[in-house]
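Biologist: I should like to learn how to read the features of a structural model. May we take them one at a time?

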Amino acid sequence: MNALRRTLNVTWPILLLAAFVTTFRRVPTEAASAAEAINCDGPSRGSQTEGAVDLTMLERCVTLDPGNVELLVDLGAAYEGSSRWDLAEATYRRALAVDPRDSTLHLRLGTILLRRGDRAGAQKEAQLALQWHPNSAAALDLDARAAAGADR
Amino acid sequence: MRFNAEAWLAKPGVVAVIRLLHALFFLGASAYCFLSYSPFAYAQFIKPNVVPALTEFVMLSQWYFWVIFLTTLLTLMPQLRGGRGRWAAIGYVSVWSILGAIALFKPPLRAIGNGPLGFAFGLIALVPPVWLAVIDHRAQPAAALRSTAPSRALKACLLAAAVAWVTYSIATPLRLGQTSGIELTRGGLTIALASSMILDLYCFMALFLALAAVISLASLSRSQAAVEYWLFVSLLGASTALVLYLLVCAAITFTGWDAAAASAALGVALAAIWADLARLRSKPLFPAPSPQLDSLAVFCAPIAGVKSRRAALAVVLLMPAVAYVLIDAVSHFDWNFLLQKLTVLIVWLATFSAVYAARSANVDRLSASGWNLGWRFSVVPMVAFVLYHAFVSVEARGSVAPTDPARAARDARLSPRVVLDRYAAIDPSFHLIRDARKARSSETAEYYAFLRAHTLVPFADIPALDVDFVKPLRPAAQRKPDIYIFIVDSMRRDYLAPYNAKVTFTPAIGQFGRESLVFDRAFTRYAGTALAVPSIWAGAMMPHSLEQPEFGRRNTLLKLLDANHYLRVMNIDHIIGDLVPADPNLVQLDKGKGTMQFDVCTTVGELETKLTEADPSRPVFLYTLPQNVHISIASRRKVPDGESYPGFFAPVASSVHRIDGCFGGFIDFLKRTNRYDNSVVILTSDHGDSLGEEGRWGHAHFIVPEVMRIPLIVHLPSWLRSHVSYDLSALTFSADITPSLYALLGYEPATRGSLFGHPAFGPPAADSEWRRRMPYLLASSYGTVYATLRQNGRRLYVVDAVDGRDNAFDISDDAVGERVEVTQAMTAENRLLIREQLTELARQNHYPPRP
């Protein structure tokens with residue numbers, strides 16, 4: 001009995017120290033959030049399903065990551081593809097709220113506005129696009145078409 | 001009463017101080033030698049003379065040696081006159097006086113360079129302190145010791161945990177006010193403080209268990225107390241070696257058997273020095289009729305001795321101030337928090353030693369059972385164990401995203417992980433423990449091994465390779481503008497008026513910005529000069545190596561300049577000297593100056609003279625890498641009276657202000673001499689810098705927004721500007737400068753994929769949307785840290801294999817970005833992208849990744 005007690009007295013600090021050391025470290029990925037069930041931030045986000053744009057998926061992705069301009073651009077383009085101009089315009093405006101300096105967004109919004117008959121708005125967007133992308137042929141073209149009254 | 005110098009020099013306290021100075025000198029010399037031996041540390045710190053004090057130490061080291069040696073000699077007089085340890089002392093004096101005399105003629109520290117000599121001298125420099133420890137142990141009789149009472153050790157550990165926690169947490173409100181980028185609510189701060197307390201308790205209970213394990217092992221021996229003491233000393237030596245290997249060597253990419261041997265040698269030397277000081281500081285109580293001191297009290301003697309409780313208490317009370325001053329002294333020069341972490345370990349050791357000394361050891365009051373290491377001493381460590389794991393459980397549960405995942409992805413303040421990360425920036429003790437807690441899953445370990453295989457690739461593994469944007473490259477058909485490239489080392493974009501409306505101290509650069517093109521989303525590919533500069537000259541990402549074999553063959557900028565007969569006016573720093581040959585086309589500025597002495601003001605002064613003398617028919621190319629803003633230079637700058645920079649780090653802002661004046665003067669010179677409208681003038685930086693964001697300073701391994709974002713302002717002659725299109729809001733890299741110069745000279749540089757630069761200027765019909773959508777690889781110049789930059793530079797995802805963590809940032813706005821929660825999907829996607837791009841980089845450059 002005394003021998004057992006003596007052995008325990010000698011070994012417990014070593015055993016407890018081993019427990020301290022081995023359980024001290026944590027694998028960081030265990031703490032990583034599993035927020036996204038779908039991936040919305042890469043080429044595998046599946047914006048297209050069998051050639052058709054998956055609007056539902058894009059809308060869900062935009063809900064998950066509302067600051068992702070590229071997602072918003074894809075969604076706006078998808079709305080354009082289904083002739084939902086009002087939604088496309090609103091989407092591009094949302095994207096511009098995130099990045100007001102994006103010349104391609106101004107160009108896309110201007111094109112929609114021109115299509116919807118807002119020539120002044122289209123011209124303004126063309127000017128904003130030119131401010132960030134001087135000499136851009138596409139922006140100059142939009143500006144000219146808006147000035148000339150062409151609707152597309 | 002006459003002052004008796006001999007008696008004074010024989011006092012143990014005086015001898016201990018001289019031994020300490022002796023140890024510091026030789027440890028410093030040894031550390032310098034090992035740093036010189038490490039190719040990485042040599043290339044990054046020693047060759048460019050980043051720390052001038054180190055160079056001064058090297059230049060004067062042989063004289064310091066003699067001062068230390070002669071002072072030590074005085075303390076050895078009793079031994080030399082025939083006392084105990086006589087032959088060891090005679091040996092010490094003989095050997096080191098001869099070596100010291102040789103050193104006067106051939107100073108060893110000046111001669112070592114980067115080679116095996118550094119390693120050998122590093123080991124040799126550790127011999128004198130160990131030798132002195134042997135002399136002192138022979139000269140001073142060993143104390144009669146008694147075994148350490150576990151109860152006293154336990155109480156000391158508990159108290160030390162509390163003192164260590166207070167030492168660092170007491171300064172957190174102050175640090176919170178000083179550190180930018182940290183937002184902590186009162187609730188968040190309370191949780192962080194409680195977490196810190198639990199972690200400190202856990203660490204000091206682990207220390208108690210280590211001490212208890214030593215006591216229990218020693219109990220198997222007949223001379224229990226002496227064995228205990230030497231096991232404590234061995235524990236210190238082993239811990240020191242481990243810390244040096246795992247923390248210090250890893251931080252400077254010094255790995256392998258030689259790093260392990262250097263760490264082990266330093267561990268042995270430090271243990272010997274500590275034992276020497278312990279022997280000297282515990283001397284006054286000897287000889288005693290019965291053992292008065294326990295083994296741990298003698299071990300703790302170097303800090304507060306064994307005589308006075310008051311002295312020990314004073315040390316304990318001073319500890320918060322000491323810790324604060326130490327952190328403050330090293331933080332600006334720190335390398336990835338390394339120095340701060342080392343000061344924490346020193347403070348912990350000092351705290352424990354002082355607390356143990358402060359708890360009086362009254363032998364009479366100790367019961368016989370007090371010596372017995374019973375189970376009851378396991379209760380407190382077990383409570384600490386339970387508390388720690390309860391904290392871990394809460395921490396893990398708190399990291400799971402709330403019901404609204406979009407909110408979780410955007411608002412980092414909701415995540416306990418981010419709260420604790422932010423707290424770590426203001427509590428170095430918590431930071432140290434947090435980093436030590438990180439373990440890796442097998443998947444992550446495999447991934448890190450992959451990253452390491454692509455990092456700091458051996459020079460010999462990289463074949464020379466021809467890289468061309470245009471082949472064959474003939475002289476440009478159009479008019480050739482002069483080209484001036486100012487790459488200001490470490491200059492941040494938000495310290496320049498064109499990028500930050502709050503900046504009022506760069507009026508000339510502000511005016512230059514109004515006349516030029518200000519690229520809004522400019523980044524560097526590399527977080528350090530060593531690879532950022534080669535990537536600018538090559539117009540591409542580089543093989544991750546400290547040396548670039550036959551760089552001329554991939555130097556696309558040099559090829560462009562030579563094809564068009566440009567006169568190169570450059571200052572030659574420690575990096576560019578290896579990349580660009582000295583030939584008749586080169587006019588060197590700042591001759592005879594070291595890299596860190598390059599000052600934009602003197603450079604442009606000399607440049608104006610050279611331009612005046614130059615052949616006007618020949619186009620001129622300027623390259624300069626001024627160091628005014630580099631943290632090691634700027635932080636030493638005294639802000640002139642009358643200048644104030646609220647909201648900015650004043651020494652850096654003041655340096656930028658000085659640059660502004662001289663740069664503006666140069667622009668005026670170009671205008672005065674009618675050169676401005678025939679000049680492409682580029683103002684940029686190789687990388688940014690951390691100036692206290694989340695406690696970070698300078699730039700090291702880490703990839704963070706404020707280091708990766710750079711200013712890029714380009715002035716074009718009006719005749720060029722009207723012919724090209726450029727998207728100022730699209731993502732641009734410093735590696736795009738060279739292909740852009742090709743485009744400006746009328747070439748059509750080949751498109752070679754995302755690892756190469758792309759011209760920022762193109763024909764009016766050019767589309768820039770692809771730039772915004774591509775993911776780009778970023779890398780640290782100095783360690784295994786990689787990142788992806790996506791969404792037109794708004795999202796930065798970092799895999800930091802040095803710190804063992806992944807970080808994500810949203811850098812949508814103009815500020816330094818905001819941390820966002822790392823999600824599993826993000827991790828998978830971005831790690832895959834980095835893997836693909838590194839594989840492609842190795843494939844393109846034909847080097848085999850080496851494990």
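Modeller: The following exchange goes from whole chains to a single strand. Please keep in mind that this is a predicted model.

Biologist: Which secondary structure elements does each chain contain?

Modeller: Chain B holds 35 helices and 18 strands. Chain A has seven helices and two strands, and its elements follow the order α-β-β-α-α-α-α-α-α from the N terminus.

Biologist: How does the radius of gyration of chain B agree with that of a compact globule?

Modeller: One sets the value beside the one expected for a globule with that number of residues. For 851 residues the expectation is near 29 Å, and chain B has 30 Å, so the two agree. Along the principal axes, the C-alpha atoms of chain B fill a box of roughly 100 × 70 × 55 Å.

Biologist: What share of the residues counts as buried in each chain?

Modeller: A residue counts as buried when its relative accessible area is under 20%. In chain B this applies to 60% of the 851 residues; in chain A, to 45% of the 152 residues. The exposed area of chain B is about 32,700 Å², with 63% supplied by carbon and sulfur atoms. For chain A the area is about 7,400 Å², and carbon and sulfur atoms supply 56%.

Biologist: What do contacts between residues far apart in sequence add?

Modeller: They show which parts of the sequence the fold brings together. Among contacts in chain B between residues at least 6 apart, 76% join residues at least 24 apart. In chain A, residues 24 or more positions apart account for 41% of the contacts with a separation of 6 or more.

Biologist: Let us turn to one strand. Is β16(B) enclosed or exposed?

Modeller: Six of the six residues of β16(B), residues 795-800, are buried, so the strand is largely enclosed by the rest of the structure. In a regular strand, side chains alternate between the two faces of the sheet. Here B:R795, B:Y797 and B:V799 point one way, while B:L796, B:V798 and B:D800 point the other way.

Biologist: Which strands pair with β16(B)?

Modeller: Strand β15(B), residues 785-790, pairs with β16(B) in the antiparallel sense over six bridges, and B:A787 has B:V798 as its bridge partner. Strand β17(B), residues 805-810, also runs antiparallel to β16(B), joined by six bridges; there B:A808 is the bridge partner of B:Y797.

Biologist: Which residues take a positive phi in the two hairpins?

Modeller: In the hairpin of β15(B) and β16(B), with four residues between the strands, B:Q791 takes a positive phi near 55 degrees. The hairpin of β16(B) and β17(B) also has four residues between its strands, and B:G804 takes a positive phi near 70 degrees.

Definitions and conventions: Residues numbered from 1 in each chain as written. Chains lettered and ligands numbered in written order. Predicted model: local features only at pLDDT ≥ 70, side-chain atom pairs only at ≥ 80, totals over all residues. Heavy atoms only, no water. Rg over C-alpha atoms; globule rule 2.2 N^0.38 Å. Buried < 20%, exposed > 50% of the residue type's maximum accessible area, 1.4 Å probe, protein only. Contact = heavy atoms within 4.5 Å. Areas by Shrake-Rupley, 256 points an atom, 1.4 Å probe, with all protein chains shown as cover. Pairing = 2+ DSSP bridges.
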